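Student: Can we go through how a pair of helices and a sheet are put together here? Just show me the thing and let's get started.

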Amino acid sequence: MRFLTAGESHGRGLVTIIEGFPRGVSLSEEDINLELDRRRRSYGRGRRMSIESERCEIYSGLKDGKTIGSPISIVLSNVDWQKEQAPIHVPRPGHADLPGAIKYHTNDIRDIWERASARETASRVMAGAVAKKLLKELGIKIISFTRSIGPIALEKDIEVKDTNIEKIIEESPVRCPDKNISEDMTRLIDEATEKGDTLGGVFEVIAFDVPPGIGTHTHWDRRLDGLIAQAIMSIPSVKVVEIGSGFYSSQNFGSQVLDVIRYNKNHSPWPFYRETNFAGGIEGGITNGEPIIIRGAVKPIPTLKKPLPSINLISKEETEAAVLRSDVCIVPSAGVIGEAMLAWVLADKIIEEFGGNTIEEIKSRFSQYLEYVRSL
Ligand code: EPS
(Lines give C-alpha, C1' and ligand atoms only; values in the text may rest on other atoms or scores of the structure.)
Protein backbone atom coordinates (compact mmCIF):
# COMPACT_ATOMS: atom_id res chain seq x y z
CA MET A 1 0.00 0.00 0.00
CA ARG A 2 1.19 3.54 -0.54
CA PHE A 3 -0.17 7.05 -0.67
CA LEU A 4 0.87 10.10 -2.62
CA THR A 5 -0.08 13.68 -1.92
CA ALA A 6 -0.05 16.77 -4.12
CA GLY A 7 -0.95 20.40 -3.58
CA GLU A 8 0.38 23.75 -2.45
CA SER A 9 -0.81 25.67 0.59
CA HIS A 10 -2.48 28.41 -1.46
CA GLY A 11 -3.04 26.40 -4.62
CA ARG A 12 -6.45 25.07 -5.69
CA GLY A 13 -6.38 22.23 -3.20
CA LEU A 14 -4.82 19.04 -1.94
CA VAL A 15 -5.03 15.60 -3.48
CA THR A 16 -4.38 12.25 -1.82
CA ILE A 17 -4.14 9.04 -3.87
CA ILE A 18 -4.15 5.71 -2.06
CA GLU A 19 -3.03 2.60 -3.89
CA GLY A 20 -3.35 -1.02 -2.76
CA PHE A 21 -6.20 -0.54 -0.30
CA PRO A 22 -8.41 -3.64 -0.03
CA ARG A 23 -11.95 -3.97 -1.29
CA GLY A 24 -14.94 -3.95 1.02
CA VAL A 25 -14.01 -1.42 3.72
CA SER A 26 -16.84 0.97 4.51
CA LEU A 27 -15.81 4.59 3.99
CA SER A 28 -17.51 7.96 3.63
CA GLU A 29 -16.45 11.56 3.09
CA GLU A 30 -17.78 12.25 6.56
CA ASP A 31 -15.32 9.74 8.10
CA ILE A 32 -12.48 11.78 6.60
CA ASN A 33 -14.03 15.19 7.34
CA LEU A 34 -14.27 14.32 11.03
CA GLU A 35 -10.52 13.69 11.16
CA LEU A 36 -9.77 16.84 9.14
CA ASP A 37 -11.83 18.83 11.58
CA ARG A 38 -9.93 17.41 14.57
CA ARG A 39 -6.67 18.58 12.95
CA ARG A 40 -8.07 22.01 12.10
CA ARG A 41 -9.58 23.17 15.37
CA SER A 42 -7.23 23.69 18.26
CA TYR A 43 -5.92 26.55 20.30
CA GLY A 44 -2.95 28.31 18.74
CA ARG A 45 -3.87 27.89 15.09
CA GLY A 46 -3.99 31.00 12.90
CA ARG A 47 -6.85 32.65 11.02
CA ARG A 48 -6.42 30.40 7.99
CA MET A 49 -7.95 27.55 9.95
CA SER A 50 -11.19 29.46 10.41
CA ILE A 51 -11.31 30.15 6.67
CA GLU A 52 -10.89 26.58 5.41
CA SER A 53 -14.05 24.46 5.54
CA GLU A 54 -12.06 21.17 5.39
CA ARG A 55 -14.69 19.13 3.58
CA CYS A 56 -13.19 16.59 1.20
CA GLU A 57 -14.60 14.82 -1.85
CA ILE A 58 -13.85 11.21 -2.70
CA TYR A 59 -13.35 11.07 -6.49
CA SER A 60 -12.68 7.36 -6.98
CA GLY A 61 -12.28 3.92 -5.48
CA LEU A 62 -15.66 3.86 -3.72
CA LYS A 63 -19.07 2.38 -4.54
CA ASP A 64 -22.16 2.13 -2.33
CA GLY A 65 -20.15 3.34 0.68
CA LYS A 66 -17.45 0.66 0.33
CA THR A 67 -13.97 0.61 -1.17
CA ILE A 68 -13.73 -1.36 -4.42
CA GLY A 69 -10.01 -2.17 -4.48
CA SER A 70 -9.03 0.45 -7.08
CA PRO A 71 -7.04 3.62 -6.26
CA ILE A 72 -8.86 5.93 -3.87
CA SER A 73 -8.48 9.61 -4.74
CA ILE A 74 -9.56 12.32 -2.32
CA VAL A 75 -9.65 16.04 -3.07
CA LEU A 76 -9.68 18.81 -0.51
CA SER A 77 -10.28 22.20 -2.12
CA ASN A 78 -8.66 25.26 -0.58
CA VAL A 79 -11.15 28.04 0.10
CA ASP A 80 -8.27 30.48 0.44
CA TRP A 81 -6.40 29.93 -2.81
CA GLN A 82 -4.64 32.56 -4.85
CA LYS A 83 -4.03 32.61 -8.60
CA GLU A 84 -1.50 35.43 -8.38
CA GLN A 85 1.17 35.25 -5.72
CA ALA A 86 3.76 37.96 -5.17
CA PRO A 87 7.31 36.60 -4.93
CA ILE A 88 9.00 36.46 -1.50
CA HIS A 89 12.77 36.91 -1.25
CA VAL A 90 13.60 36.80 2.48
CA PRO A 91 13.80 33.27 3.95
CA ARG A 92 12.69 32.39 7.47
CA PRO A 93 15.17 30.59 9.71
CA GLY A 94 13.88 27.12 10.57
CA HIS A 95 11.82 26.68 7.40
CA ALA A 96 12.69 24.92 4.13
CA ASP A 97 12.86 28.41 2.50
CA LEU A 98 16.63 28.88 2.14
CA PRO A 99 17.87 25.31 1.60
CA GLY A 100 14.97 24.76 -0.83
CA ALA A 101 15.70 27.98 -2.76
CA ILE A 102 19.37 27.00 -3.11
CA LYS A 103 18.52 23.46 -4.19
CA TYR A 104 15.85 24.43 -6.73
CA HIS A 105 17.75 27.43 -8.18
CA THR A 106 15.21 30.11 -7.30
CA ASN A 107 15.18 33.34 -5.36
CA ASP A 108 11.39 33.24 -4.93
CA ILE A 109 10.97 31.24 -1.76
CA ARG A 110 7.22 30.96 -2.41
CA ASP A 111 7.87 27.96 -4.66
CA ILE A 112 9.35 26.16 -1.67
CA TRP A 113 7.18 27.61 1.09
CA GLU A 114 3.92 26.67 -0.55
CA ARG A 115 4.70 22.95 -0.68
CA ALA A 116 6.73 22.79 2.56
CA SER A 117 3.78 24.39 4.39
CA ALA A 118 2.08 22.27 7.02
CA ARG A 119 -1.07 22.55 4.91
CA GLU A 120 0.22 19.32 3.31
CA THR A 121 -0.51 17.45 6.54
CA ALA A 122 -4.24 17.68 5.76
CA SER A 123 -3.53 15.25 2.89
CA ARG A 124 -1.90 12.84 5.33
CA VAL A 125 -4.86 13.03 7.68
CA MET A 126 -7.08 12.03 4.73
CA ALA A 127 -4.90 8.94 4.08
CA GLY A 128 -4.79 8.20 7.81
CA ALA A 129 -8.58 8.40 8.08
CA VAL A 130 -8.86 5.68 5.42
CA ALA A 131 -6.22 3.52 7.17
CA LYS A 132 -8.12 3.93 10.45
CA LYS A 133 -11.25 2.45 8.87
CA LEU A 134 -9.31 -0.73 8.08
CA LEU A 135 -7.81 -0.88 11.58
CA LYS A 136 -11.26 -0.42 13.09
CA GLU A 137 -12.45 -3.56 11.27
CA LEU A 138 -9.61 -5.41 13.03
CA GLY A 139 -10.40 -3.94 16.46
CA ILE A 140 -7.37 -1.62 16.60
CA LYS A 141 -7.85 1.89 17.97
CA ILE A 142 -5.52 4.90 17.95
CA ILE A 143 -5.74 8.00 20.14
CA SER A 144 -3.47 10.99 20.77
CA PHE A 145 -3.11 13.86 23.18
CA THR A 146 -0.83 16.78 24.00
CA ARG A 147 1.92 15.93 26.52
CA SER A 148 3.52 19.36 26.68
CA ILE A 149 3.54 22.84 25.22
CA GLY A 150 6.75 24.77 25.85
CA PRO A 151 7.76 24.01 29.47
CA ILE A 152 4.21 23.10 30.60
CA ALA A 153 3.88 19.34 30.72
CA LEU A 154 1.42 16.65 31.75
CA GLU A 155 3.75 14.42 33.82
CA LYS A 156 1.38 11.66 34.88
CA ASP A 157 0.20 8.76 32.72
CA ILE A 158 -3.29 9.12 31.29
CA GLU A 159 -6.11 6.81 32.35
CA VAL A 160 -6.20 4.75 29.19
CA LYS A 161 -8.89 2.46 30.59
CA ASP A 162 -11.22 5.46 31.07
CA THR A 163 -13.77 5.01 28.28
CA ASN A 164 -14.37 8.74 28.39
CA ILE A 165 -10.75 9.64 27.74
CA GLU A 166 -11.19 10.52 24.06
CA LYS A 167 -14.08 12.86 24.87
CA ILE A 168 -12.01 14.55 27.60
CA ILE A 169 -9.09 15.03 25.19
CA GLU A 170 -11.27 16.45 22.41
CA GLU A 171 -13.01 18.83 24.79
CA SER A 172 -9.69 20.44 25.75
CA PRO A 173 -8.78 23.31 23.39
CA VAL A 174 -5.18 22.04 23.40
CA ARG A 175 -6.14 18.31 23.40
CA CYS A 176 -4.64 17.74 26.86
CA PRO A 177 -6.71 15.54 29.22
CA ASP A 178 -5.91 17.56 32.38
CA LYS A 179 -8.11 20.63 32.81
CA ASN A 180 -5.68 22.72 34.87
CA ILE A 181 -2.71 21.96 32.65
CA SER A 182 -4.84 22.73 29.57
CA GLU A 183 -5.57 26.15 31.03
CA ASP A 184 -1.87 26.79 31.72
CA MET A 185 -1.10 25.74 28.14
CA THR A 186 -3.68 28.09 26.61
CA ARG A 187 -2.35 30.93 28.78
CA LEU A 188 1.17 30.28 27.52
CA ILE A 189 -0.07 30.29 23.91
CA ASP A 190 -1.76 33.66 24.58
CA GLU A 191 1.54 34.98 25.91
CA ALA A 192 3.41 33.79 22.80
CA THR A 193 0.72 35.34 20.58
CA GLU A 194 1.07 38.69 22.34
CA LYS A 195 4.85 38.59 21.97
CA GLY A 196 4.68 37.68 18.27
CA ASP A 197 6.41 34.39 19.12
CA THR A 198 5.71 30.65 18.60
CA LEU A 199 5.76 27.49 20.72
CA GLY A 200 6.58 23.81 20.30
CA GLY A 201 5.88 20.80 22.50
CA VAL A 202 5.29 17.07 22.62
CA PHE A 203 2.35 14.99 21.40
CA GLU A 204 1.72 11.34 22.26
CA VAL A 205 0.02 8.72 20.11
CA ILE A 206 -1.17 5.34 21.45
CA ALA A 207 -2.41 2.31 19.47
CA PHE A 208 -4.46 -0.26 21.39
CA ASP A 209 -5.08 -3.96 20.75
CA VAL A 210 -2.34 -4.50 18.19
CA PRO A 211 -1.42 -8.18 18.61
CA PRO A 212 2.14 -9.33 19.30
CA GLY A 213 4.14 -10.19 16.18
CA ILE A 214 3.59 -7.28 13.77
CA GLY A 215 6.88 -6.15 12.18
CA THR A 216 10.13 -8.09 12.11
CA HIS A 217 13.63 -8.16 13.58
CA THR A 218 15.09 -9.70 10.42
CA HIS A 219 15.97 -6.60 8.36
CA TRP A 220 16.81 -3.01 9.29
CA ASP A 221 14.27 -1.57 6.86
CA ARG A 222 11.42 -3.79 8.02
CA ARG A 223 11.65 -3.15 11.76
CA LEU A 224 8.35 -1.60 12.86
CA ASP A 225 9.99 0.92 15.22
CA GLY A 226 12.14 2.21 12.35
CA LEU A 227 9.15 2.56 10.05
CA ILE A 228 7.12 4.38 12.70
CA ALA A 229 10.04 6.70 13.51
CA GLN A 230 10.40 7.67 9.85
CA ALA A 231 6.67 8.30 9.47
CA ILE A 232 6.47 10.48 12.58
CA MET A 233 9.75 12.30 11.90
CA SER A 234 8.46 13.25 8.44
CA ILE A 235 5.75 15.44 10.01
CA PRO A 236 6.89 19.06 9.54
CA SER A 237 8.52 20.51 12.70
CA VAL A 238 8.99 17.13 14.43
CA LYS A 239 12.57 16.93 15.72
CA VAL A 240 12.43 13.95 18.12
CA VAL A 241 10.56 10.63 18.00
CA GLU A 242 10.45 8.63 21.22
CA ILE A 243 9.13 5.07 21.47
CA GLY A 244 7.83 4.15 24.92
CA SER A 245 9.95 5.62 27.69
CA GLY A 246 13.01 5.89 25.45
CA PHE A 247 14.71 8.86 27.13
CA TYR A 248 13.82 7.75 30.67
CA SER A 249 15.07 4.22 29.95
CA SER A 250 18.40 5.57 28.73
CA GLN A 251 18.95 7.19 32.14
CA ASN A 252 18.15 4.17 34.35
CA PHE A 253 19.35 0.64 35.09
CA GLY A 254 18.05 -2.15 32.88
CA SER A 255 16.37 -3.82 35.84
CA GLN A 256 14.29 -0.65 36.34
CA VAL A 257 13.07 -0.21 32.79
CA LEU A 258 12.71 -3.66 31.22
CA ASP A 259 9.15 -4.98 31.11
CA VAL A 260 8.85 -8.19 33.15
CA ILE A 261 7.13 -11.02 31.25
CA ARG A 262 3.99 -12.52 32.85
CA TYR A 263 1.63 -15.29 31.82
CA ASN A 264 -1.99 -15.94 32.76
CA LYS A 265 -4.20 -18.14 30.62
CA ASN A 266 -7.17 -15.84 31.31
CA HIS A 267 -5.41 -12.52 30.78
CA SER A 268 -7.08 -10.26 28.21
CA PRO A 269 -6.43 -9.64 25.35
CA TRP A 270 -3.53 -12.18 25.27
CA PRO A 271 -2.11 -14.56 27.89
CA PHE A 272 1.50 -13.29 27.63
CA TYR A 273 1.61 -9.77 29.04
CA ARG A 274 3.93 -7.26 30.78
CA GLU A 275 3.81 -5.61 34.17
CA THR A 276 4.99 -2.32 32.71
CA ASN A 277 5.27 -0.85 29.22
CA PHE A 278 8.56 1.06 29.10
CA ALA A 279 9.22 -0.48 25.66
CA GLY A 280 6.12 1.23 24.24
CA GLY A 281 4.78 -2.03 22.80
CA ILE A 282 7.71 -2.82 20.48
CA GLU A 283 10.72 -5.08 21.11
CA GLY A 284 13.28 -5.91 18.42
CA GLY A 285 11.19 -4.18 15.78
CA ILE A 286 8.18 -6.43 16.56
CA THR A 287 5.01 -5.57 18.49
CA ASN A 288 4.84 -7.36 21.86
CA GLY A 289 1.08 -6.98 22.42
CA GLU A 290 1.21 -4.00 24.80
CA PRO A 291 -0.13 -0.62 23.62
CA ILE A 292 2.18 1.10 21.11
CA ILE A 293 3.26 4.44 22.58
CA ILE A 294 4.93 7.06 20.40
CA ARG A 295 5.91 10.62 21.23
CA GLY A 296 6.88 13.36 18.81
CA ALA A 297 8.60 16.56 19.91
CA VAL A 298 7.77 19.54 17.74
CA LYS A 299 9.95 22.63 17.47
CA PRO A 300 8.31 26.08 17.60
CA ILE A 301 7.09 26.90 14.08
CA PRO A 302 9.31 29.26 12.08
CA THR A 303 7.01 32.09 10.96
CA LEU A 304 7.39 34.70 13.72
CA LYS A 305 5.18 37.79 13.82
CA LYS A 306 8.22 39.49 15.34
CA PRO A 307 10.71 38.17 12.80
CA LEU A 308 14.38 37.25 13.25
CA PRO A 309 17.11 38.73 11.09
CA SER A 310 17.66 37.18 7.66
CA ILE A 311 19.11 38.04 4.24
CA ASN A 312 17.33 39.24 1.10
CA LEU A 313 18.21 36.66 -1.57
CA ILE A 314 18.46 39.31 -4.31
CA SER A 315 20.16 42.28 -2.60
CA LYS A 316 22.08 40.05 -0.11
CA GLU A 317 21.37 42.71 2.48
CA GLU A 318 20.41 41.96 6.06
CA THR A 319 16.72 42.46 6.77
CA GLU A 320 13.90 40.86 8.74
CA ALA A 321 12.59 37.40 7.73
CA ALA A 322 9.31 37.34 5.79
CA VAL A 323 6.13 37.46 7.87
CA LEU A 324 2.80 36.21 6.68
CA ARG A 325 -0.23 35.14 8.63
CA SER A 326 0.69 32.01 10.57
CA ASP A 327 -0.04 29.72 13.51
CA VAL A 328 1.43 30.17 17.00
CA CYS A 329 1.37 26.55 18.16
CA ILE A 330 0.49 23.39 16.20
CA VAL A 331 1.23 20.71 18.84
CA PRO A 332 -2.46 19.69 19.34
CA SER A 333 -2.91 19.31 15.57
CA ALA A 334 0.38 17.41 15.30
CA GLY A 335 -1.13 14.73 17.57
CA VAL A 336 -3.93 14.15 15.06
CA ILE A 337 -1.37 14.01 12.23
CA GLY A 338 0.69 11.54 14.32
CA GLU A 339 -2.39 9.32 14.64
CA ALA A 340 -2.78 9.37 10.86
CA MET A 341 0.87 8.42 10.28
CA LEU A 342 0.82 5.61 12.86
CA ALA A 343 -2.48 4.32 11.45
CA TRP A 344 -0.96 4.27 7.99
CA VAL A 345 2.18 2.35 9.03
CA LEU A 346 0.16 -0.23 10.99
CA ALA A 347 -2.45 -0.72 8.26
CA ASP A 348 0.28 -1.07 5.64
CA LYS A 349 2.20 -3.67 7.69
CA ILE A 350 -0.95 -5.63 8.47
CA ILE A 351 -1.91 -5.77 4.79
CA GLU A 352 1.64 -6.86 3.94
CA GLU A 353 1.68 -9.58 6.60
CA PHE A 354 -1.90 -10.85 6.35
CA GLY A 355 -2.36 -10.19 2.63
CA GLY A 356 -5.57 -10.29 0.67
CA ASN A 357 -7.42 -8.14 -1.83
CA THR A 358 -10.55 -7.92 0.26
CA ILE A 359 -11.23 -7.00 3.86
CA GLU A 360 -12.90 -10.39 4.36
CA GLU A 361 -9.67 -12.21 3.48
CA ILE A 362 -7.60 -9.98 5.76
CA LYS A 363 -10.08 -10.31 8.60
CA SER A 364 -10.23 -14.07 8.37
CA ARG A 365 -6.40 -14.45 8.38
CA PHE A 366 -6.09 -11.86 11.14
CA SER A 367 -8.66 -13.55 13.39
CA GLN A 368 -7.01 -16.93 12.79
CA TYR A 369 -3.77 -15.36 14.00
CA LEU A 370 -5.50 -13.82 17.04
CA GLU A 371 -6.87 -17.27 17.91
CA TYR A 372 -3.33 -18.68 17.79
CA VAL A 373 -1.96 -15.88 20.02
CA ARG A 374 -4.80 -16.36 22.52
CA SER A 375 -4.31 -20.11 22.58
CA LEU A 376 -0.64 -19.92 23.63
C1 EPS B 1 1.42 27.77 7.26
C2 EPS B 1 0.87 29.01 7.43
C3 EPS B 1 -0.56 29.17 7.75
C4 EPS B 1 -1.07 27.91 8.41
C5 EPS B 1 -0.74 26.76 7.48
C6 EPS B 1 0.71 26.54 7.49
O7 EPS B 1 -1.32 29.31 6.57
P8 EPS B 1 -1.57 30.75 5.90
O9 EPS B 1 -0.22 31.20 5.45
O10 EPS B 1 -2.50 30.50 4.75
O11 EPS B 1 -2.18 31.61 6.93
O12 EPS B 1 -2.43 28.00 8.74
O13 EPS B 1 -1.39 25.60 7.86
C14 EPS B 1 -2.47 25.24 7.14
C15 EPS B 1 -3.03 25.97 6.20
C16 EPS B 1 -2.98 23.92 7.53
O17 EPS B 1 -3.95 23.46 6.93
O18 EPS B 1 -2.39 23.33 8.47
C19 EPS B 1 2.82 27.64 6.81
O20 EPS B 1 3.41 28.62 6.41
O21 EPS B 1 3.39 26.52 6.89
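Student: Which residues of α5 meet α11?

Tutor: This is a predicted model, where local features need pLDDT of at least 70, side-chain atom pairs count only at pLDDT 80 or more, and totals for chains, interfaces and linings use all residues. Numbering starts from 1 along each chain as its sequence is written, and side-chain values use heavy atoms, with hydrogens and water left out. Contact means heavy atoms within 4.5 Å, and helices are DSSP runs of H or I with at least four residues, strands runs of E with at least two, numbered from the N terminus. On that basis, V336, I337, E339, A340, M341, A343, W344, L346, A347, I350 and I351 in α11 are met by T121, R124, V125, A127, G128, A131, K132, L134 and L135 in α5.

Student: At what angle do α5 and α11 pack?

Tutor: Axes are lines fitted to C-alpha atoms, for helices over the stretch in contact, and angles run from 0 to 180 degrees between N-to-C directions. The axes of α5 (residues 121-137) and α11 (residues 331-354) lie 7 Å apart, and the packing angle is about 50 degrees.

Student: Now the sheet: in what order do its 4 strands come?

Tutor: Two strands pair if DSSP finds at least two bridges between them. Strands β2 (residues 13-19) and β6 (residues 72-77) pair over 6 bridges in the antiparallel sense, with I18 bridging to I72 in β6. β1 (2-6) and β3 (57-60) each pair on one side only, as the edge strands. The sheet is open and antiparallel, and its order is β1-β2-β6-β3.
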